[in-house]
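Biologist: I should like to work through this structure step by step. Shall we proceed by question and answer?

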Amino acid sequence: MTRTVYVNGEYLPETEAKVSIFDRGFLMADAVYEVTSVLGGKLIDFEGHAVRLKRSLDELDMQEPCTKDELLAIHRKLVELNDIDEGMIYLQVTRGSDGDRDFVFPDPETTKPTIVLFTQNKPGLADSPASKKGAKIISIEDIRWGRRDIKTVQLLYPSMGKMMAKAAGADDAWMVEDGYVTEGTSNNAYYVKNGKIITRPLSNDILHGITRKAVLRLAQEAQMEIEERLFTIDEAKEADEAFTTSASAFVMPVVEIDGAMLGDGTPGPIAKRLREIYLDESRKAAI
Ligand code: PMP
């Protein structure tokens, strides 16, 4: 089945969808994005993603391409047209194209943002074998820019991080700045010691994960102890267990960090429990 995608007001077969070569998303990574999961044909935490998109746009003085209600309608229509039961919807908004290349932002009166959405069909997403095995992590230096709270499409270094992990026989990388873990290449990072969940507090240094917010709330409701503070890789290597959170992988147990096995090398009880609770609650709240 040919995927139907959305570009600037039109639903098109993916082979017919076009964006200008002068688009600032393409030339300058002048663009922001969101990824929303679909479970049982419904959207997980659409509200959170819509609010963060607005924040990213505001931080970059970029116009909103449409209202939140329109955005919801586009998401739902793409799910329907592409018959998605489990998967993701990728959304990208760029500052558009004024038909040439210039560092200076184009006039928002005459240059409208580009908006693109497409679906990724992932049957079995909630029940992924990777989540049962757990992830092996390596640590790498965090050399990204200083506004990681804005969800821009500058994903070259995270891509390189995943390649470094692959080359080392691991699944993903956690990034370290000034001796402290910031986050994973595409997820927020946590470890658990003596029943307490430790994760880095929110700041401009990390993305304010939509899944992070939901999981911390659910952990609190389940009477789990949480401490938001800076932590080192050495501390995490001594953990009883660890995990990451993201909209597309939910709660992913971590079983090895820089070659050090955590616990018995299988997903830990807290990560497993949080994954279950998160998936249950998300399905209930999905729209
Ligand atoms: N940090 C980074 C760097 C990410 O790319 C992501 C996923 N986009 C996350 C954290 C997790 O955010 P969310 O839970 O909103 O997917």
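Modeller: Domain bounds come from an automatic or database domain assignment. Please keep in mind that this is a predicted model.

Biologist: Into which domains is the protein chain divided, and what distance separates their centres?

Modeller: The chain is divided into domain 1 (4-121) and domain 2 (129-285). Taking the centres of domain 1 and domain 2 over C-alpha atoms, the separation is 26 Å.

Biologist: How many residues of domain 1 and of domain 2 are in contact?

Modeller: Contact here means heavy atoms within 4.5 Å. On that basis, the residues in contact number 22 in domain 1 and 20 in domain 2.

Biologist: Where does the largest nonpolar core lie with respect to the domains?

Modeller: The largest nonpolar core has 29 residues, and those with the most contacts inside it are I197, F243, L274 and Y278. Both domain 1 (4-121) and domain 2 (129-285) give residues to this core, so the core lies between domain 1 and domain 2.

Biologist: Which element gives the most to this core?

Modeller: The elements that give two or more residues to this core are β3 (31-39), β5 (87-94), β10 (188-193), α6, β14 (250-257) and α8. With six residues, the element that gives the most is α8.

Biologist: Which residues does the second, separate core include?

Modeller: This second core is separate and has 23 residues. Among its members are L53, L71, V79 and L117.

Biologist: Are helix α6 and helix α8 roughly parallel or roughly perpendicular?

Modeller: The axes of helix α6 (residues 210-221) and helix α8 (residues 269-285) come within 10 Å and cross at roughly 110°. Angles of 65 to 115 degrees count as roughly perpendicular. Therefore the relation of α6 to α8 is roughly perpendicular.

Biologist: Which residues meet where α6 is in contact with α8, and how many of each class are there?

Modeller: From α6 come T211, A214, V215, L218 and A219, which meet L274, I277, Y278 and E281 in α8. By class, the residues in this contact of α6 with α8 are seven nonpolar, one polar and one charged.

Biologist: Is T4 buried or exposed?

Modeller: T4 has its place in strand β1 (residues 4-7). Not counting residues up to four places away in sequence, T4 touches Y11, L12, L78, L81 and N82. Buried means under 20% relative accessible area. Because the relative accessibility of T4 is 18%, T4 counts as buried.

Biologist: Is I21 buried or exposed, and what distance separates its C-alpha atom from that of D100?

Modeller: I21 is found in the loop between β2 (10-13) and α1 (24-28). Its relative accessible area is 57%, so I21 is exposed. Although I21 and D100 are 79 residues apart along the chain, the separation of their C-alpha atoms is 9.0 Å.

Biologist: What is notable about the phi of A29, and where is A29 found?

Modeller: Most residues other than glycine have a negative phi. A29 is not a glycine, yet its phi is positive, at about 55°. A29 is partly exposed, with a relative accessible area of 25%. The place of A29 is the loop between α1 and β3.

Biologist: What is the phi of D83, and is D83 buried or exposed?

Modeller: D83 lies in the loop between α3 (68-81) and β5. Although D83 is not a glycine, its phi is positive, at about 55°. With a relative accessibility of 62%, D83 counts as exposed.

How values were computed
Residues numbered from 1 in each chain as written. Predicted model: local features only at pLDDT ≥ 70, side-chain atom pairs only at ≥ 80, totals over all residues. Heavy atoms only, no water. Axes fitted to C-alpha atoms, helices over the stretch in contact; angles between N-to-C directions. Helix = DSSP H or I, 4+ residues; strand = E, 2+ residues; numbered from the N terminus. Parallel < 35°, antiparallel > 145°, perpendicular 65-115°, else oblique. Nonpolar A, V, L, I, M, F, W, Y, C, P; charged D, E, K, R; others polar. Buried < 20%, exposed > 50% of the residue type's maximum accessible area, 1.4 Å probe, protein only. Core = buried A, V, L, I, M, F, W, Y, C linked by side-chain atoms within 4.5 Å.
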